[in-house]
Amino acid sequence: MDDQHAANNEEKKESVMNKILGVIGGSFAPILGVLAGSGLLSALLAVLTMLGWLSTESGTYAILSAAGHAVFYFLPVFLGITLSIKLGANAYVGGTIGAALLEPHFTKLMTDGAGKIDFVGIPVVLMSYSSTVFPIFIAISIYAVLDRFLKKIIYKDIQMFINPLISLVLIVPLTVLIFGPIGVYAGEGIGVGIEFLSSKSGLLTGAVLGAAWTFLTLLGLHWAVIPIAIANLAFGPDPIIGMAAAAPFAQIGMALGVLLKTKDKDLKTLASSGIIPGALAGTTEIINYGILLRYRKTMIYVAVAGAVGGAINGALGVKMSVFSLPSFLSIPAFTPMAYYLIGTMIALVLGLILTYTFGYEDKNKNPLMVKYETSLISVIKETITSPLSGKIIPLSHFSDSLFATETVGKGVTIEPEKGEVFSPVDGVVTTLFPTKHAIGVTSEGGAEVLIFIGIDTIKLNGEHFTALVNQGDTVRQGDLLLMFDMEKIKAAGYPLTTPVVITNSNQYLDVKISKSDTIKVKEELLTVIV
């Protein structure tokens, strides 16, 4: 019985860990491409400037550098969007929360050296949020919970502006007051720990830092430690980055191992696109969020290789003389250079050997992990079947501009053949107009489907329409919802072209539309991409 209880607890812990990793990985998955492209651009600029072909003072460099660094600087904005989508909240509100942390008037407080500031009398700890991960992850996680609560208590017709208002008023100040400072204090605590260990043993400090640096990077906490290293440079060479440098080289080695080991073309492409910016510019986000989180065995390899390389660098007294992200091009920034090469190359080779020898995939994966890994290389889809039979017409051809411009949501219009409306999903009837000319059904997956029968049919005040369900009813896909008398409605002068739209389509990556010219009830009409 005790064994069973322990097994259940272990499964719960594993489930929680998988969910956390799934959320982190799923939030980075949509932006892996732009991270890779930006990293490669930064690497190219590094090569061009090193060869003397491009001056760092030129306008060309400034423009290309902006293009290469923008996604990293504005990472809170992108993660605000992708994480909101992952958690089922409004992506634009999530992006705005991230943008608020980088808003010029707010950031100017720090650049102007503002003293004590407060929010309604509560002291604010000023910090830079550019390139951070930890604060926005906490902020959006809380926002998603708040958003679900507001959807339950706020009247639906005013949710469009009231929910964002309440969310912004609460979450942005909470982030500035609490979530951001947590990252600052965590970083300061890590810095104190590093300095304490360093005073005791360079070998021990290097091992701990080399093993932990990858995981600090995953949470964005490494940005809280880097200022300590920069501050150290004012008094001489810094030992922190010298020891931590083993970690990115261990990551590169792991990615090389995956590249050599895998037969999957997509994974080879992903690995190579991570290795190049990592090796040339020290940008390893693609490796960490594209491979490390997907294949958890590699975490062990990177930790071990980073610990060994870091221990060597710490024991040999490797230090950084000028600030630089560890890469092949920044080798001259570290001293003694020969010792630095020994530690980092051992970390790289060890990461490669461990990955290639023992493989990157778990042999006995639990179902939750399989589901998580699949979600990183594919998207979650929900199918919306057709509520009507008839001819499909692009939404842009509809006479009502609110529908035609997709202001209401993405979807299509259908010229119905029969006066019957069926449920397109398993879900709940969340909206039933008193005039019965329109009905909304929210699927179990969260897609809000609006079926709006005809043009100006609201003027009929429910005449010729019969509702077979009530608002709040649970329905199954294919249940008959409404009936309407086509001939009488047409005789009254009202066209029956019917928009079928996803009103919360801004919460999805995309809404795919059937390519058929005609559709039958229960056939696939729309596919929402999560």
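**Exercise 1. Find where Leu 45 sits, and list which residues Leu 45 touches beyond those up to four places away in sequence.**

Solution. Start with the contacts, where contact means heavy atoms within 4.5 Å. Not counting residues up to four places away in sequence, Leu 45 touches Leu 54, Tyr 61, Leu 64 and Ser 65. Next, place the residue: Leu 45 belongs to helix H2 (residues 32-50). Helices (H or I, at least four residues) and strands (E, at least two) are DSSP runs, numbered from the N terminus. Then check the cover: Leu 45 has 3% relative accessibility and therefore counts as buried. The classes are buried under 20% relative accessible area, exposed over 50%, and partly exposed in between (1.4 Å probe, protein chains only). Finally, look along the chain: Gly 68 is 23 residues from Leu 45, and their C-alpha atoms are separated by 8.9 Å.

A word on the model before going on. It is a predicted model, in which local features need pLDDT of at least 70 and side-chain atom pairs count only at pLDDT 80 or more, while totals for chains, interfaces and linings use all residues. Residues are numbered from 1 along each chain as its sequence is written, and side-chain values use heavy atoms, with hydrogens and water left out.

**Exercise 2. Work out how helix H4 (residues 75-87) and helix H7 (residues 134-153) cross.**

Solution. First take the geometry: the two axes come within 9 Å, and the crossing angle is roughly 40 degrees. Axes here are lines fitted to C-alpha atoms, for helices over the stretch in contact, and angles run from 0 to 180 degrees between N-to-C directions. H4 is therefore oblique to H7. The scheme counts angles under 35 degrees as roughly parallel, over 145 as roughly antiparallel, 65 to 115 as roughly perpendicular and the rest as oblique. Second, the hand: H4 passes H7 in a right-handed crossing, that is, the near helix is turned clockwise from the far one by less than a right angle. Third, the residues: H4 brings Pro 76, Leu 79, Gly 80, Leu 83, Ser 84 and Leu 87, and these meet Ile 136, Phe 137, Ile 140, Ser 141, Tyr 143, Ala 144 and Arg 148 in H7. By class, the contact of H4 with H7 has 9 nonpolar, 3 polar and 1 charged residues. Ala, Val, Leu, Ile, Met, Phe, Trp, Tyr, Cys and Pro count as nonpolar, Asp, Glu, Lys and Arg as charged, and the others, Gly among them, as polar.

**Exercise 3. Now do the crossing of helix H12 (residues 246-261) and helix H16 (residues 337-358), and find the cis peptide bond at Pro 336.**

Solution. The axes of H12 and H16 come within 7 Å and cross at roughly 35 degrees. H12 passes H16 in a right-handed crossing. Residues in the contact include Phe 249, Gly 253 and Leu 260 of H12 and Tyr 340, Leu 348 and Thr 355 of H16. Sorted by class, the contact of H12 with H16 has 14 nonpolar, 6 polar and 1 charged residues. For the second part, look at the loop between strand E4 (334-335) and H16, where Pro 336 lies. A cis peptide bond joins Thr 335 and Pro 336, with omega about -10 degrees.

**Exercise 4. Describe the packing of helix H9 (residues 202-218) and helix H14 (residues 285-292).**

Solution. The axes of H9 and H14 are 10 Å apart, and the packing angle is about 85 degrees. The two helices are therefore roughly perpendicular to each other. Thr 214, Thr 217 and Leu 218 of H9 make the contact with Asn 288, Tyr 289 and Leu 292 of H14. The residues of this contact divide into 3 nonpolar, 3 polar and no charged.

**Exercise 5. Locate Asp 456 and Lys 522, two residues with a positive phi, and classify their exposure.**

Solution. Asp 456 is not a glycine, yet its phi is about 65 degrees. Asp 456 is in the loop between strand E11 (448-452) and strand E12 (465-467), and its relative accessible area of 43% makes Asp 456 partly exposed. Lys 522, also not a glycine, has a phi of about 80 degrees. Lys 522 is in the loop between strand E17 (518-519) and strand E18 (524-529). With a relative accessible area of 55%, Lys 522 is exposed.
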